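Work through the exercises below with the sequence and the model open. Try each task before reading its solution.

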Amino acid sequence: MTAASRADRLGGMANAIRALAMDAVEAASSGHPGMPMGMADVATILFSEYLTFDPASPRWPDRDRFVLSAGHGSMLLYALLHLTGYERPTMEDIRRFRQLHSPCAGHPEATELPGVETTTGPLGQGLATAVGMAIAERHLNAVFGDGLVDHRTFVIAGDGCLMEGVSHEAIGLAGHLGLGRLILLFDENGISIDGPVSLATSEDPALRFEAAGWHVVACDGHAPASIRAALDAALADPRPSLVRCRTIIGFGAPTKAGSEKTHGSPLGADEVAGARARLGWSSPPFVIPDAIRADWLAAGARGRAARLAWEERLSESPMAAEFRRRMEGKLPPLDLRPGAGAMATRKASEFVLEQVNAAFPETIGGSADLTGSNNTLTKGLTILTRDNPGGRYLHYGIREFGMAAAMNGMALHGGVIPYGGTFLVFSDYARPAIRLAALQRLGVIHVMTHDSIGLGEDGPTHQPIEHLMSLRAMPGLAVYRPADAVETAECWALALADRARPSILALSRQSLPPLRDAGGPNRSAMGAYRLREAQGARQVVIAATGSEVAIAVQTAALLEAEGIGCDVVSVPCWERWLEQDRGLQAELFPRQALRVSIEAGVTLGWERIIGADGLMIGIDGFGASAPEKDLYRHFGLTPETIAARVRSLLG
């Protein structure tokens with residue numbers, strides 16, 4: 001094949017991406033055609049010559065990962081998956097782009113299509129997630145060797161991804177860890193939705209990456225030879241690489257190319273017709289010429305031999321069973337022992353983690369510069385660094401968002417169970433990544449300590465008030481707030497077992513008394529249970545979480561001493577409790593009793609547990625700087641104050 005013929009074929013393959021992007025966005029009357037049209041040449045070279053994958057086995061563990069961080073350009077990815085021979089999306093799926101129940105959602109969703117490695121759309125998160133994938137690859141390579149784990153992570157990101165603050169966290173972490181198998185293809189088209197990026201920024205992104213320890217190379221994003229040279233340079237360099245792909249957004253559009261008019265809306269019938277003519281594309285909408293389809297299918301078949309050779313190596317490896325177990329997320333049974341006596345639940349968590357990390361070699365822990373406060377580093381764990389990728393603990397630095405996104409990437413990669421620590425109040429920094437974990441049903445575990453005013457003197461900036469409730473409002477997230485060491489062990493067991501839902505463990509700084517003896521069934525699994533039963537006729541039911549359960553027990557004792565029968569219900573996990581049968585819920589919280597809730601946070605939401613006519617005791621304002629016991633008295637969270645409020649309602 002001559003060079004000219006090869007160039008023509010590559011041009012035809014790239015134009016197939018452009019045509020599908022134009023057609024799908026036009027049919028939906030919604031979408032972003034410009035980015036797929038601009039990056040079509042880069043994507044064609046990447047998928048046909050560099051990326052190792054096999055559409056016949058989309059979950060093959062040693063495939064290269066491809067992340068479209070610029071998720072608004074989703075038709076680029078959908079076109080690539082369809083053209084290279086994935087079972088889906090079909091052409092009918094693409095025709096129904098952005099329609100209800102189509103797997104071709106407006107932004108790529110990992111739960112919808114094999115080949116979509118992560119859900120993207122919120123800019124910057126794809127890049128930050130890819131850093132986690134690259135960490136997992138290097139870690140598992142250190143454990144299992146080149147024969148089983150030896151692949152790369154490629155990312156396409158745009159100007160918007162690099163403007164988002166999380167990109168700074170991600171590139172800093174990747175550079176620090178020396179993730180040389182991570183390659184970022186920067187769609188440097190200079191256009192955002194508002195217009196030229198010069199309206200909002202004067203940065204030279206290359207200097208940021210170089211300062212963070214990355215290798216930087218540039219290419220003409222519409223010249224195959226230039227693209228290849230840049231990718232070859234990236235592959236040869238031991239550092240993570242930024243490839244600056246200078247492109248024209250909406251390439252081929254006769255009057256709108258190079259402008260924001262191609263970014264976030266259909267081109268329009270006349271502009272599409274003009275682009276077809278300019279690109280030499282004469283096929284009707286959603287039709288791919290046979291020769292071009294054959295070229296794309298051949299590109300998709302490139303990885304089959306590599307995949308088969310890998311499967312043979314796996315079958316002969318003495319580590320095959322353990323590798324499969326980890327990649328399938330299967331955990332051996334483990335009976336977690338709780339700590340004994342009074343202790344902060346963060347300390348109880350550390351006691352449990354010692355057992356977890358000893359039993360499960362797939363855990364990778366970490367903290368956002370709060371290791372000694374979160375109690376997340378256990379004995380025997382070494383630090384994961386560029387020189388020790390087999391380590392199992394990461395110092396993320398003050399990068400809560402980057403940490404949470406990287407944890408998502410590790411979970412998506414498979415073979416590891418990530419957990420990471422910070423203060424509960426700083427969940428605000430991590431929240432966007434926690435949301436994507438919930439959306440993707442990822443079993444990541446967030447250890448969030450200092451969970452209330454009980455942290456004391458650091459004051460209202462550090463005291464979470466609305467945080468528990470705002471996290472409970474997030475669909476698909478389990479928020480655990482254990483009351484003592486026994487519940488802490490139970491909640492850890494539940495979080496580990498739940499591989500399809502992210503978990504937050506909200507843990508106390510202050511010491512809490514033991515409320516239960518160890519042993520027996522996991523009572524936290526129901527989400528709520530009767531911890532203390534009324535001694536006389538039940539008049540009151542007090543529900544509480546975490547550190548306030550002990551206060552509820554003491555309040556009940558005061559009421560019982562006056563002949564007022566009082567149940568105490570511990571509610572370590574709202575999400576699990578609200579999944580229970582309504583009859584069970586009514587039995588635990590009977591309507592004829594006065595129902596009371598106690599939690600050192602906002603009262604909003606407790607009506608779901610105790611009813612709108614219940615007595616909700618909490619803090620509906622910010623905290624204050626003072627010792628813990630003074631704060632609990634100041635905010636009326638003492639047994640004596642609560643008992644008086646209950647008595648006044650009972651008359």
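**Exercise 1. Thr 247**

Task: Decide whether Thr 247 is buried or exposed, then describe its surroundings.

Solution:
- Start with accessibility. The relative accessible area of Thr 247 is 8%. Buried means under 20%, so Thr 247 is buried. This comes from a predicted model.
- Next, place the residue. Thr 247 sits in the loop between strand S7 (241-246) and helix H10 (269-279).
- Now list the contacts, leaving out residues up to four places away in sequence. Thr 247 touches Gly 38, Met 39, Asp 187, Glu 188, Asn 189, Gly 221 and His 222.
- Finally, look at the side chain. The side chains of Thr 247 and Asp 187 are joined by a polar contact of 2.4 Å.

**Exercise 2. A five-stranded sheet**

Task: Give the strand order of the open sheet with five strands, and find which strands stand at its edges.

Solution:
- Read the order. The five strands run S16-S18-S17-S19-S20, with mixed pairing.
- Find the edges. Strand S16 (529-532) and strand S20 (615-617) each have a single partner strand, so one side of each lacks a neighbour in the sheet.
- Add the twist. On average, neighbouring strands of this sheet are turned by 30 degrees against each other, direction ignored.
- Zoom in on one pair. Strand S17 (residues 538-544) and strand S18 (residues 565-570) run parallel and are joined by six bridges.
- Pick out one bridge. Ile 542 has Val 568 in S18 as its bridge partner.

**Exercise 3. The largest pocket**

Task: State how much space lies in the largest pocket, and which helix gives the most to its lining.

Solution:
- Take the volume. The largest pocket holds about 760 Å³ of space.
- Turn to the lining. It has 30 residues, and Met 327, Ala 411, Leu 412, His 413 and Gly 414 lie nearest the pocket centre.
- Assign elements. Two or more lining residues come from each of helix H12 (304-316), helix H13 (320-328), helix H16 (400-413) and strand S11 (417-423).
- Pick the main contributor. H13 gives the most, with five residues.

**Exercise 4. Enclosed space**

Task: Count the cavities of 30 Å³ or more, and describe the largest cavity.

Solution:
- Recall the principle. Rolling a probe the size of a water molecule over the atoms shows where empty space is left.
- Count. There are two cavities of 30 Å³ or more.
- Size the largest cavity. Its volume is about 90 Å³.
- Name the lining. The largest cavity is lined by 13 residues, with Leu 51, Phe 66, Tyr 86, Gly 115 and Glu 117 closest to its centre.
- Assign elements. Strand S1 (65-68) and helix H3 (74-84) each give two or more residues to this lining.

**Exercise 5. Backbone checks**

Task: Find where the cis peptide bond before Pro 89 lies, and examine the phi values of Arg 98 and Asp 369.

Solution:
- Check omega. From Arg 88 to Pro 89 the peptide bond is cis, with omega near 15 degrees.
- Place the proline. Pro 89 is in the loop between H3 and helix H4 (91-95).
- Take Arg 98. Its phi is near 65 degrees, a positive value in a residue other than glycine. Arg 98 lies in the loop between H4 and helix H5 (125-144). At 27% relative accessible area, Arg 98 is partly exposed.
- Take Asp 369. Its phi is near 70 degrees, again positive in a residue other than glycine. Asp 369 lies in the loop between strand S9 (363-367) and helix H15 (371-374). Its relative accessibility is 52%. Exposed means over 50%, so Asp 369 counts as exposed.

Technical notes: Residues numbered from 1 in each chain as written. Predicted model: local features only at pLDDT ≥ 70, side-chain atom pairs only at ≥ 80, totals over all residues. Heavy atoms only, no water. Pairing = 2+ DSSP bridges. Helix = DSSP H or I, 4+ residues; strand = E, 2+ residues; numbered from the N terminus. Axes fitted to C-alpha atoms, helices over the stretch in contact; angles between N-to-C directions. Buried < 20%, exposed > 50% of the residue type's maximum accessible area, 1.4 Å probe, protein only. Polar contact = N/O pair within 3.5 Å; in protein donor to acceptor, adjacent residues only side chain to side chain. Contact = heavy atoms within 4.5 Å. 1 Å grid on protein atoms, 1.4 Å probe; cavity = no way out; pocket = protein on both sides within 12 Å on 5 of 7 lines; lining within 4 Å. Points joined across faces, edges and corners; volume = space filled by probe spheres on them.
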